[in-house]
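User: Please take a close look at one strand in this model and explain how its side chains and neighbours are arranged. Then show me what else stands out in the structure.

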Amino acid sequence: TVQDGVRVFTLDMQEGETDLGQGGLAPTLGVNGSFLGPTLRATRGEQVRIDVTNSMSETSTLHWHGMKLPAVMDGGPHQQVEPGRTWSPTWTVAQPAATLWYHPHLHGRTADHVYRGLAGLFVLDEPAGSPEAAVQDALPHEYGVDDVPLVVQDKKFHADGRLDDADPFLSSTGVRGSVVLVNGTADPYLDVTTERVRLRVLNGSNARIYSFGFDDGRDFQVVGSDGGLLEAPVTTDRLRLTPGDRAEVVVEVEPGERTVLRSFPQELGVNPFTARFSGGDDTLDVLELRAAPTLEPSAPVPTTLAGIPSADEGAATTTRRFELSGTSINGQDMDLRRIDEVVDAGATEVWEVTSLDDSPHNFHVHDAQFQVLDVAGEPPPLDLRGWQDTVYVRPGKVTRLLVTFGTTPDAEHPYMFHCHLLRHEDQGMMGQFVVV
Ligand code: C2O
Ligand code: CU
């Protein structure tokens with residue numbers, strides 16, 4: 001609802017039980033229900049307020065992943081919502097249309113809270129009548145019809161249908177499962193009624209890295225990354241999303257056909273043994289697309305999508321280095337009382353991220369959408385040339401990011417940067433920065 005020009009959302013974190021299709025009820029968490037939460041939708045320029053109530057028996061938080069906003073509204077580990085309390089962050093949406101998401105961020109408990117079902121999408125739109133909105137409208141954009149959110153989460157279950165969060169064999173990345181739920185549904189399919197369908201895919205998994213493609217090898221077009229549309233569509237048959245990443249893809253179907261969105265074996269840049277025990281060899285079915293016998297026509301995907309400035313390293317005033325190893329960054333485990341980095345409001349910086357161990361990691365920065373300058377000195381793949389807030393970190397290779405920080409100074413309230421494999425984050429692979 002809109003009250004006095006402010007778009008107000010009401011979110012209630014709840015405990016419950018959900019039949020996840022695995023032989024019985026699973027104790028779960030959710031928002032306004034018992035598993036996952038509603039898709040929030042707001043427009044660039046709009047002021048939003050979110051009334052977050054915690055009806056659960058334990059403290060949690062809700063973090064607006066990918067959002068540019070004042071640190072005190074961020075929903076990180078410091079903005080705790082105790083049972084029975086309501087927290088009401090408010091901010092003005094000041095970034096391009098994108099598929100963002102929200103999830104808990106209580107330090108040490110994030111993996112558990114997300115795994116049990118606390119997560120939802122936060123879709124941003126462009127103001128009606130703007131040239132950016134015209135591009136959005138040229139893409140499939142009818143929510144739930146040809147513009148479909150996919151919250152992809154792999155789970156493991158006990159025989160009685162309860163979620164199993166046990167660690168996988170010989171791996172430190174945290175829980176992975178062989179059942180892929182899409183929007184909380186096992187064995188999901190989508191009835192497609194249009195020639196083209198836009199899928200807004202969130203990797204909402206704790207640890208699993210997906211390499212998406214189709215069983216019949218068809219190409220699809222990647223049109224958006226974490227922070228919004230790409231400059232131009234990228235045609236490919238594979239797309240990697242690491243935990244926390246999103247992408248928008250457009251798939252074309254023929255009348256009556258079926259095709260399965262899958263995750264395929266992939267090269268993670270770790271040694272083959274580690275790769276195997278990190279899920280790198282796995283094949284998982286994600287979603288079956290079932291095309292209707294006759295399809296509504298869809299417009300072709302525009303050849304130009306968004307204006308993305310070329311990443312100008314010359315604009316950077318500082319270079320910072322981050323070395324990921326074990327459960328720490330630059331040799332230190334997360335400490336809620338320690339500020340690791342102090343950044344000038346509005347500054348552009350180069351952040352160089354390297355992993356020193358033979359494990360998959362990724363890197364996420366709050367309050368920012370960054371550009372990937374290069375990976376091991378090479379330009380990033382085409383699907384990583386738009387705005388990102390989370391990026392895969394290959395062991396032993398330097399991943400360089402160009403980050404422009406927010407303009408709201410606040411020396412008291414930090415933002416986080418961390419590995420988004422939730423087990424690693426909980427164990428301490430996270431640090432804090434303030435913008436001053
Ligand atoms: Cu999606 Cu700091 O998190
Ligand atoms: Cu990690």
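Analyst: Strand E14 sends its side chains two ways. Arg196, Arg198, Arg200 and Leu202 point one way. Val197, Leu199, Val201 and Asn203 point the other way. In a regular strand the side chains alternate between the two faces of the sheet. All of these residues are buried, whichever way they point. The strand covers residues 196-203, and 8 of its 8 residues are buried. Keep in mind that this is a predicted model.

What lies beside E14? Strand E11 joins E14 through 6 bridges, and the two run parallel. In that pairing, Leu150 stands opposite Val201 of E14. Strand E19, residues 246-252, is joined to E14 by 7 bridges, and here the strands run antiparallel. Val197 stands opposite Val251 in E19. So follow two valines of E14 with your eye: Val201 faces Leu150, and Val197 faces Val251.

Next, leave E14 by way of E11. Strand E11 spans 147-155, and the loop between E11 and strand E12 (179-182) holds Leu170. Leu170 belongs to a nonpolar patch on the surface, together with Phe169 and Phe273. The accessible area of the three together is about 360 Å². Compare that with E14, where 8 of 8 residues are buried.

Another set of strands is worth tracing. Strand E15 (residues 210-214) pairs with strand E20 (residues 258-263) in the antiparallel sense, over 3 bridges. Phe212 has Ser263 in E20 as its bridge partner. E20 is also joined to strand E21, residues 284-296, by 6 bridges. That pairing is antiparallel as well. In it, Arg262 stands opposite Asp285 of E21. E20 therefore has pairings with both E15 and E21. Beyond E21, a loop leads to strand E22 (318-325), and Ala311 is found in that loop. Ala311 is partly exposed, because its relative accessible area is 34%. Ala311 and Gly75 are 236 residues apart in sequence. In space, their C-alpha atoms are 29 Å apart.

Now look at the copper ion (ligand 2). Which protein atoms are its donors? They are ND1 of His361, SG of Cys419 and ND1 of His424, at 2.0 to 2.1 Å from the ion. Along the chain, the donors follow the spacing H-x57-C-x4-H. His361 lies in strand E26 (residues 361-365), whereas Cys419 lies in the loop between strand E30 (410-418) and helix H4 (422-427), so this pair ties together parts that are 58 residues apart in sequence. His361 has 1% relative accessibility, so it counts as buried. Cys419 is at 0%, so it counts as buried too.

Strand E30 also takes part in an aromatic contact. The model has 21 aromatic pairs by the rule used here. One of them joins Trp351 and Phe417 edge-to-face. The ring centres are 5.5 Å apart, with 85° between the planes. Trp351 sits in strand E25 (residues 348-355) and Phe417 in E30, so the pair ties together parts that are 66 residues apart in sequence. Are these two residues buried or exposed? Trp351 is buried, at 0% relative accessibility. Phe417 is buried as well, with a relative accessible area of 2%. Both residues belong to one aromatic cluster, along with Phe322, Phe363, Phe405, Tyr415 and Phe433.

Finally, check two backbone angles. Most residues other than glycine have a negative phi, and most peptide bonds are trans. Asn330 is not a glycine, yet its phi is positive, at about 50°. Asn330 is found in the loop between strand E23 (328-329) and strand E24 (341-343). Its relative accessible area is 37%, so Asn330 is partly exposed. Asp367 also has a positive phi, near 65°. Asp367 is found in the loop between E26 and strand E27 (371-375). At 5% relative accessibility, Asp367 counts as buried. Where do the two sit with respect to cover, buried or partly exposed? Asn330 is partly exposed, whereas Asp367 is buried.

Methods:
Residues numbered from 1 in each chain as written. Chains lettered and ligands numbered in written order. Predicted model: local features only at pLDDT ≥ 70, side-chain atom pairs only at ≥ 80, totals over all residues. Heavy atoms only, no water. Donors = N, O, S within 2.8 Å, 3.2 Å for Na, K, Ca; no water. Helix = DSSP H or I, 4+ residues; strand = E, 2+ residues; numbered from the N terminus. Buried < 20%, exposed > 50% of the residue type's maximum accessible area, 1.4 Å probe, protein only. Patch = residues over 30% accessible without salt bridge, like charges linked within 9 Å, V, L, I, M, F, W, Y side chains within 5 Å. Areas by Shrake-Rupley, 256 points an atom, 1.4 Å probe, with all protein chains shown as cover. Salt bridge = Lys/Arg side-chain N within 4 Å of Asp/Glu carboxyl O. Pairing = 2+ DSSP bridges. Phe/Tyr/Trp six-rings, centres within 6.5 Å; stacked < 30°, edge-to-face > 60°.
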